[in-house]
Amino acid sequence: SAGVQRRAADAGRSVLDHLFHTESSHATLQLRFVSVGTAGLEQAVRKLRSQFALEDMRQVREIVTAGGGGHKFAAMFREVLRVQLVPFKELQAVVDGLLFLSQFGPEDELYCQDDACYAWPETLFPFVLVNMGSGVSVLRVDGPQHFTRIGGTSVGGATFLGLSRALTGVGDFRELMRLPAPGGGPPPA
């Protein structure tokens, strides 16, 4: 039978991203990714709790969590799910995640945009990494455990959401991304 083996989360100010992997009886590894807006997080967690027996929830005792939400939501996760959120340094998680992708991701593609695909560079280090969340951090990465934050700003995703909500009345990121589509526009006032 399939079982959840490990879980991790990035709990930011506006979104909680949850990653977990399962292993099937065929020893196949599957990564699963779930994203939930933090405005409705407590309701989603309580709904999750109501759908599973407490015995099922005890399999997962800890969720490694990057981002400020790891502290903000710790008490609620402990109360509702009896799960401990274990803080992990966010910038280390970003570097580790990129290095994981460079080692285990598609060998021939780093990313595709429009019709062009870009391959991983033959020599990875050093490189500059820009992480955009509620704010923006710019890192110089010289090796797996050697990186330095060389700049950044507090203007990022939270600023985008706040300005969008003020201008359009829409505060949901996915809904905002649909607005530029043909026929899209702010909801009627």
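## A sheet, a helix and two cores

Let's start with one pair of residues: F127 has V141 in strand β9 as its bridge partner. Keep in mind that you're looking at a predicted model, where local features need a pLDDT of at least 70 and side-chain atom pairs count only at pLDDT 80 or more, while totals for chains, interfaces and linings use all residues. Residues are numbered from 1 along each chain as its sequence is written, and side-chain values use heavy atoms, with hydrogens and water left out.

**How confident is the model?**

The score to know is pLDDT, the predictor's confidence in each residue on a scale from 0 to 100. For the protein chain the average is 79, and 78% of the residues score at least 70. Where is confidence lowest, and where is it highest? The low end is helix α2 (residues 54-57), with a mean of 54, and the high end is strand β10 (residues 146-153), at 95. Where pLDDT is low, the predicted coordinates should not be read in detail. The helix and strand names come from DSSP runs (H or I over at least four residues for helices, E over at least two for strands), numbered from the N terminus.

**The sheet**

Back to that first pair. F127 sits in strand β8 (residues 127-132), where the side chains alternate. F127, L129 and N131 point to one face and are buried, while V128, V130 and M132 point to the other and are not. Here, buried means under 20% relative accessible area, exposed means over 50%, and partly exposed is in between (1.4 Å probe, protein chains only). Alternation like this is what a regular strand does: its side chains switch between the two faces of the sheet.

How many bridges link β8 to β9? There are six, and strand β9 (residues 136-143) pairs with β8 in the antiparallel sense. Two strands count as paired if DSSP finds at least two bridges between them. M132 has its bridge partner in β9 too, namely V136. With three residues between them, β8 and β9 make a hairpin.

Now add β10. The open sheet has three strands in the order β8-β9-β10, with antiparallel pairing. β8 and β10 are the edge strands, each pairing on one side only. From one strand to the next, the twist averages 25°.

**A helix across the sheet**

Helix α5 (residues 90-104) is where you'll find Q92. α5 lies across β8, β9 and β10, and runs at about 120° to β8. For these angles, axes are lines fitted to C-alpha atoms (for helices, over the stretch in contact), and values run from 0 to 180 degrees between N-to-C directions. Is Q92 buried or exposed? Its relative accessibility is 14%, so Q92 counts as buried. Setting aside neighbours within four places in sequence, Q92 is in contact (heavy atoms within 4.5 Å) with P144, Q145 and F147.

**Nonpolar cores**

A nonpolar core is a set of buried Ala, Val, Leu, Ile, Met, Phe, Trp, Tyr and Cys residues joined through side-chain atoms within 4.5 Å. The largest one has 13 residues, and L41, V45, F73, M76, F77 and L81 touch the most other members. β1 (3-11), α1 and α4 are the elements that give it two or more residues. The largest share, four residues, comes from α4. F73 touches A11, G12, T38, L41 and L85, not counting residues up to four places away in sequence. There's also a second, separate core of eight residues, which includes V95, W120, L139 and V141.

**Salt bridges**

A salt bridge is a side-chain nitrogen of Lys or Arg within 4 Å of a carboxyl oxygen of Asp or Glu. The whole structure has three:

| Pair | N to O distance |
|---|---|
| E42 and R46 | 3.0 Å |
| E79 and R46 | 3.3 Å |
| R140 and D142 | 2.8 Å |

Which residues do shared partners join into one network? They are E42, R46 and E79. E42 and R46 both lie in helix α1 (residues 41-51), four residues apart, or about one turn of the helix. E42 is partly exposed at 39% relative accessible area, and R46 is partly exposed at 37%. The link from R46 in helix α1 to E79 in helix α4 (residues 74-81) joins distant parts of the chain, 33 residues apart. E79 is exposed, at 56%. As for the remaining pair, R140 is partly exposed at 40%, and D142 is partly exposed at 37%.
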